[in-house]
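Thank you all for coming. Please take a moment with the sequence and the structure before I begin, and then we will go through a few places together.

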Amino acid sequence: MQAKKSLGQNFLKNDTIIQKIVSLFMPKENDLIIEIGPGRGALTKKLCNLPSKLICIEIDEDMHEYLDRFESDNCHIIYDDILNNNLNDALKDYSYDNLYVIGNLPYYITSPIITHLINSGVNIKEMVFMVQNEVANRFCSTPGNREYGYVTLFINYYYDVKKELFVSKDNFNPVPKVDSAVIKLTKKNINYDIDESKYFNFLKKAFQHKRKTLKNNLTGYDFNVIKNVLLTNNLDERARPEDISQEIFLEIFKSIF
Ligand code: SAM
């Protein structure tokens with residue numbers, strides 16, 4: 001069967017890399033793993049050997065041919081679009097200690113998938129994803145770097161993000177145009193006590209025009225209050241959004257709302 005480009009089907013063929021990815025977390029018997037986009041089962045075949053239960057969510061029904069053999073009491077395959085899947089419903093029949101999510105993600109919807117998982121409100125302890133190398137750099141970026149932006153702050157608000165492994169494009173079939181990387185997201189213990197959707201709307205506004213100063217993006221707010229926070233953090237009033245850390249953004253947000 002031909003790989004479907006429109007579904008981001010680039011199948012991982014290097015067994016050493018597959019083993020390294022699966023070793024990035026250590027689930028126990030009472031834990032549950034969700035795999036997104038199992039495809040032909042490259043990761044699934046290793047995940048099945050772990051002691052925990054496994055749910056796989058795959059959009060392409062043609063994958064029955066490869067995935068039926070994994071169905072068991074411990075492994076359940078759901079054919080659905082992960083972006084339309086209600087995770088709370090999918091999980092309601094399971095009791096588990098910790099939830100892990102893994103996937104060699106379809107690159108055309110990497111950020112929507114991670115956003116969907118975070119916004120589901122389901123408590124996920126760790127996530128391990130193969131993403132485009134460039135996207136991995138964006139997720140792991142720090143203030144002062146070109147890749148640093150809204151999505152960096154959104155993901156890092158909830159999770160510590162670490163780039164674990166660079167994976168060159170020739171490890172896939174068909175060979176994609178770009179290289180990849182494996183990232184690991186570990187849930188943070190946060191207690192900022194803020195209205196999160198208001199905070200993320202505020203961040204979107206702050207990054208509306210990345211090259212503009214914060215002052216020019218955050219019109220409609222009292223800039224004197226913002227300026228005070230910038231100055232006490234040794235930043236200039238001409239600071240750009242990409243210069244500002246999450247801690248300082250939170251300080252600004254709390255001082256204006
Ligand atoms: N896990 C396999 C591997 O490592 O070889 C396949 C990875 S491939 C990059 C991405 C997989 O995600 C494909 O099997 C594709 O059909 C599936 N997929 C694409 N869009 C999806 C969606 N919206 N929901 C669930 N699965 C999706």
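Is C140 buried, partly exposed or exposed? Let me say at the outset that what we are looking at is a predicted model, and that in this model C140 has a relative accessibility of 26%, which means that the residue counts as partly exposed. C48 falls into that class too, because its relative accessibility is 29%.

Staying with the cysteines, the number of disulfides comes to 0. For C48, the nearest cysteine sulfur is that of C75, which lies 4.2 Å away, whereas a disulfide would call for two cysteine sulfur atoms within 2.5 Å, and therefore C48 is left unpaired.

Let me now turn to the ligand. The ligand takes up the space of the largest pocket, and 23 residues are found around the ligand, of which Q9, G37, E58, D81 and N104 come nearest. If you follow the strands, you will see that β1, at 11–12, and β3, at 53–58, each give at least two residues to the shell around the ligand.

As for polar contacts, a polar side-chain atom of Q9 is 2.9 Å from a ligand oxygen, while G39 uses a backbone N or O atom, placed 3.4 Å from an oxygen atom of the ligand. With Y108 the partner on the ligand is a nitrogen atom, and an N or O atom in the side chain of Y108 lies 3.1 Å from that nitrogen. How much of the ligand does the protein bury? Taken alone, the ligand exposes 590 Å², and 99% of that area is buried by the protein.

Note on methods:
Residues numbered from 1 in each chain as written. Predicted model: local features only at pLDDT ≥ 70, side-chain atom pairs only at ≥ 80, totals over all residues. Heavy atoms only, no water. Buried < 20%, exposed > 50% of the residue type's maximum accessible area, 1.4 Å probe, protein only. Near = heavy atom within 4 Å. Polar contact = N/O pair within 3.5 Å; in protein donor to acceptor, adjacent residues only side chain to side chain. Areas by Shrake-Rupley, 256 points an atom, 1.4 Å probe, with all protein chains shown as cover. 1 Å grid on protein atoms, 1.4 Å probe; cavity = no way out; pocket = protein on both sides within 12 Å on 5 of 7 lines; lining within 4 Å. Sits in = over half its atoms within 2 Å of the grid points. Helix = DSSP H or I, 4+ residues; strand = E, 2+ residues; numbered from the N terminus.
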